[in-house]
Amino acid sequence: MIEGAGNRGRRELRLAAEALAQRGIVTLIYDKRTEGYNLLHRDYSVLAEDALAGLRLLRSRADVDPARLGMWALSEGAFVAPLAASRSTDVKFLITAGAVGITPAAQTAWGYDEQLRHAGVSGSFTHTMRVTAVRMTIGAGIFPEAFFDPAPVWEQVRQPVLAQWGELDREALPRESSQIIRQALERGGNTHYTIRFVPEVRHNLYVTANGGFDRLARIPANYGDYEASWIDRLTHALPNASADPAPPQHIPSPTLTPLAWYESPWLQLAALLVFLVAFAGYPLTAAVRRIRGRRGAPPVRRPARWLAATGLATTLGFLVYLFFVMATAAHVVGPVLIGRPIAWLVLQVLAVATVVATVATALSWRRHRRDLTRADRARLGLLAAAGLLFLPWAAYWGLLIP
């Protein structure tokens, strides 16, 4: 049995494995490798070899029939299992739960949209998460296997396949994924497949009390009955192609285009550094000047302080909130008001205040430029430049978009 994303290993699959074992199926669950698998690096080909090693271990047992060995895979594990099945005739059948038929990048973007829509979020934050954030992580090289295409691998699978999805799966695009996998199998000449949609269960075929958006660790009472019966029937005859009607899908998977030159992660990083230096540097240099008994030009001081404060708060708050939502896969966004997470709404207000303070600082600087010392002009010039750069940056990330 091959787990989904992360390193939950035996904890994630134990209930399912025990249910199958109770129905006479010998199951092996194992902890996923930690060397060579993490948030920034993974290789599905290597994981496929790990799965085949597990299969060989089962094959060596006296209580296992080597002619009836198979693989069961959940979610990301269903990227791995077809690779393993295509490499070894020891794999006699393949069962998946929540298999994804599109790239991990497109799946992540679609999943963000599902979670945010369920939370009542609309407007710019949805686009920021679904498109901008996903594309930026890919461009920064911190989204491993982002463009892995499972369809060509499924074309190489010759074994009987039982592909299952929960009707309330909010992560694997059941309708779209089932169509892609079915078409790939048929292109490869495999007509021994069963496409099944399990009612009232979520992504991992476990019980849900919130329409598939929760993560309860509880399985239905009849969990494993269908799988055990399907496996037993393989001894008599291969299954004919069959597919349940697919559940509706709110939106199709997105098309993620490559980053333009101005979206370069290096330029984004440079902009953030400018903001931090300018917005944080202004109050720091002001404190040093006060200690030395020197003060800045009074007419320009107030709008400049507001610009430094709002710009710094917006920049740091944006980074913290964005990474928090990404770390929770958009499962946690906080309270929502008028279609926006309150935290995002506060950031948008701060962004508008930063733009207003930029204009006020620039006008005040120009009006009183003759009264400013060279040091004052340098400090205010850097601050105003950061404010001007902030405008397109904030618009790009949706902070100035309704």
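**Contacts, sheet and cores in a predicted model**

Gln249 touches Trp110, Leu173, Arg175 and Glu176, once residues up to four places away in sequence are set aside. The model is a predicted one, and this glutamine is a handy place to start reading it. Gln249 sits in the loop between β5 and α9. Its side chain makes a polar contact of 2.9 Å with the side chain of Glu176. A polar atom of the Gln249 side chain also lies 2.9 Å from the backbone oxygen of Ile251. Ile181 is 68 residues away from Gln249 along the chain, with 16 Å between the two C-alpha atoms.

Glu176 leads on to helix α7, where it is one of the buried residues, along with Pro174, Ser177, Ser178, Ile181, Ala184 and Leu185. The cover over these buried residues includes α6, β3 and β4. As for geometry, α7 has 14 residues and reaches 20 Å from its first C-alpha to its last, close to the 20 Å expected at 1.5 Å a residue. Just after α7 comes Gly189, with a positive phi of about 85°.

Helix α2 gets the same kind of check. Its 16 residues, 44–59, should span 22 Å at 1.5 Å a residue, and the C-alpha atoms at its ends are indeed 22 Å apart. Its buried residues are Tyr44, Leu47, Ala48, Ala51, Leu52, Gly54, Leu55 and Leu58. Viewed down the axis of α2, these buried residues fall within an arc of 155°, so they line one face of the helix. The general background is that an α-helix has 3.6 residues a turn, so residues three or four places apart point the same way. The buried residues of α2 are covered by elements including β1 (70–74), α3 (77–87) and α4 (104–118). At the N-terminal end, Asp43 acts as the cap of α2, with a side-chain oxygen 2.9 Å from the backbone nitrogen of Ser45.

Now for the sheet. It is an open one of five strands, ordered β1-β2-β3-β4-β5, with parallel pairing. β1 and β5 (242–243) are the edge strands, and each pairs on one side only. Even so, four of the five residues of β1 are buried, so this strand is largely enclosed by the rest of the structure. β1 runs parallel to β2 (residues 93–97), and five bridges join the two; within this pair, Leu74 stands opposite Ala97 in β2. At the other edge, β4 (residues 193–198) pairs with β5 in the parallel sense over two bridges, and Ile195 stands opposite Ala243 in β5.

Both Leu74 and Ala97 turn up again around His203, a residue in the loop between β4 and α8 (225–233). Beyond its neighbours within four places in sequence, His203 is in contact with Leu74, Ser75, Ala97, Gly98, Asp169, Glu171 and Ala172. The contact with Ser75 has a polar part: the two side chains are joined by a polar contact of 2.8 Å. With a relative accessibility of 5%, His203 counts as buried, because the cut-off is under 20%.

As for nonpolar packing, the largest core has 44 residues, and Met71, Leu94, Trp154, Val161 and Trp165 touch the most other members. Two or more residues of this core come from each of α2, β1, α3, α4, α6 (151–154), β3 (161–166), α7 (174–187) and β4. Leu94 gives a feel for the packing: outside its neighbours within four places in sequence, its contacts are Met71, Ala81, Pro82, Ala85, Trp154, Val157, Pro160, Val161, Leu162 and Trp230. A second, separate core has 40 residues, among them Val121, Met129, Ala304 and Leu322. As a general matter, nonpolar side chains in soluble globular proteins tend to be buried together.

Val277 is a nonpolar residue with another setting. It lies in helix α9 (residues 265–291). Since its relative accessibility is 54% and exposed means over 50%, Val277 counts as exposed. Not counting residues up to four places away in sequence, Val277 touches Tyr282 and Leu382. Val277 and Ala386 are 109 residues apart in sequence, with a C-alpha to C-alpha separation of 9.0 Å.

Notes:
Residues are numbered from 1 along each chain as its sequence is written. This is a predicted model: local features need pLDDT of at least 70, side-chain atom pairs count only at pLDDT 80 or more; totals for chains, interfaces and linings use all residues. Side-chain values use heavy atoms; hydrogens and water are left out. The expected span of a helix is 1.5 Å times one less than its number of residues. Buried means under 20% relative accessible area, exposed over 50%, partly exposed in between (1.4 Å probe, protein chains only). The arc is that of the directions from the helix axis to the C-beta atoms. Contact means heavy atoms within 4.5 Å. A polar contact is a pair of N or O atoms within 3.5 Å; within protein, one must be able to donate a hydrogen and the other to accept it, and residues adjacent in sequence count only if both atoms are side-chain atoms. Two strands pair if DSSP finds at least two bridges between them. A nonpolar core is a set of buried Ala, Val, Leu, Ile, Met, Phe, Trp, Tyr and Cys residues joined through side-chain atoms within 4.5 Å.
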